[in-house]
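Biologist: I would like a close look at a single part of this model, taken slowly and with the cut-offs spelled out. Please start from one pair of residues and work outwards.

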Amino acid sequence: MLKALNLALLVLYPVAWTAPLMRAGLLPLFGLSEISVLSGLQALWRSDIFLAMVVTIFAIFAPWLKTLALLQFGLLDRRVLPALEILGKLAMADIFLIALYITLAKGIGVGRIETAWGLYLFTACILGSILISYMESRRKP
């Protein structure tokens, strides 16, 4: 079962990266633009390279590498499990930051932000990855 869940994450992560996390607009009168992980990263690379590198590591590489580890297929030693758990927790930091940005933007009241289905999919992928790591750590070698 863990193998199937892990393989499902390999497919779901790229979908979550391209799915709309939120819709944002400056004023309620104008249309809303959809923002995904990838479109947000593109904008960051143009404005703040350091932050773009940090977000790319935590939003793309950390969860993807953790999923690709494929511990369930015996391709890695179980001693690597604590490092994989840390990668999952670091990836969860992105969800926190996105939620914080949405909360701040709504509190300021300058624009309009609506959460989209991609935020829930991305969150589910990260939580699923953490759950798989937990279940793997409880499994006897």
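Modeller: Gladly! Pro-20 stands opposite Ser-36 in β2. This is a predicted model, in which local features need pLDDT of at least 70 and side-chain atom pairs count only at pLDDT 80 or more, while totals for chains, interfaces and linings use all residues. Residues are numbered from 1 along each chain as its sequence is written, and side-chain values use heavy atoms, leaving out hydrogens and water.

Let us stay with Ser-36, which belongs to strand β2. Strands (E, at least two residues) and helices (H or I, at least four) are DSSP runs numbered from the N terminus. Ser-36 has a relative accessibility of 10% and counts as buried (under 20% relative accessible area; over 50% is exposed, in between partly exposed, with a 1.4 Å probe and protein chains only). Leaving aside residues up to four places away in sequence, Ser-36 touches Trp-17, Thr-18, Ala-19, Pro-20 and Leu-21, where contact means heavy atoms within 4.5 Å.

Now to the sheet around that pair. β1 covers residues 20-25, and 5 of its 6 residues are buried, so this strand is largely enclosed by the rest of the structure. β1 pairs with β2 (residues 33-36) in the antiparallel sense over 4 bridges; pairing requires at least two DSSP bridges between the strands. Within this pairing, Arg-23 has Glu-34 of β2 as its bridge partner. β1 also runs antiparallel to β3 (residues 112-115), again with 4 bridges, and here Gly-25 is matched with Arg-112 of β3. The outcome is an open, antiparallel sheet of 3 strands in the order β2-β1-β3. β2 and β3 are the edge strands, each pairing on one side only. On average, neighbouring strands of this sheet are turned by 25° against each other, direction ignored.

What lies across β1 and β2? That is α2, which runs at about 90° to β2. For such angles, axes are lines fitted to C-alpha atoms (for helices, over the stretch in contact), and values run from 0 to 180 degrees between N-to-C directions.

Following α2 (residues 37-47) outwards brings us to α3 (residues 49-68): their axes come within 7 Å and cross at roughly 155°. The two helices are therefore roughly antiparallel to each other, a label for angles over 145 degrees (under 35 is roughly parallel, 65 to 115 roughly perpendicular, the rest oblique). Among the residues making this contact are Val-37, Leu-41 and Trp-45 of α2, together with Ile-49, Met-53 and Ile-60 of α3.

From α3, the next step is α5 (residues 117-138), whose axis comes within 10 Å of that of α3 at a crossing of roughly 40°. On the α3 side, the contact is made by Ala-59, Pro-63, Lys-66 and Thr-67, and on the α5 side by Phe-122, Ile-126, Ser-129, Ile-130 and Ser-133.

One last residue ties in here: Tyr-13, found in helix α1 (residues 2-18). Tyr-13 is buried, with a relative accessible area of 0%. Beyond residues up to four places away in sequence, Tyr-13 touches Pro-63, Trp-64, Thr-67, Phe-122, Cys-125, Ile-126 and Ser-129. Tyr-13 and Ala-124 lie 111 residues apart in sequence, yet their C-alpha atoms are 9.8 Å apart in space.
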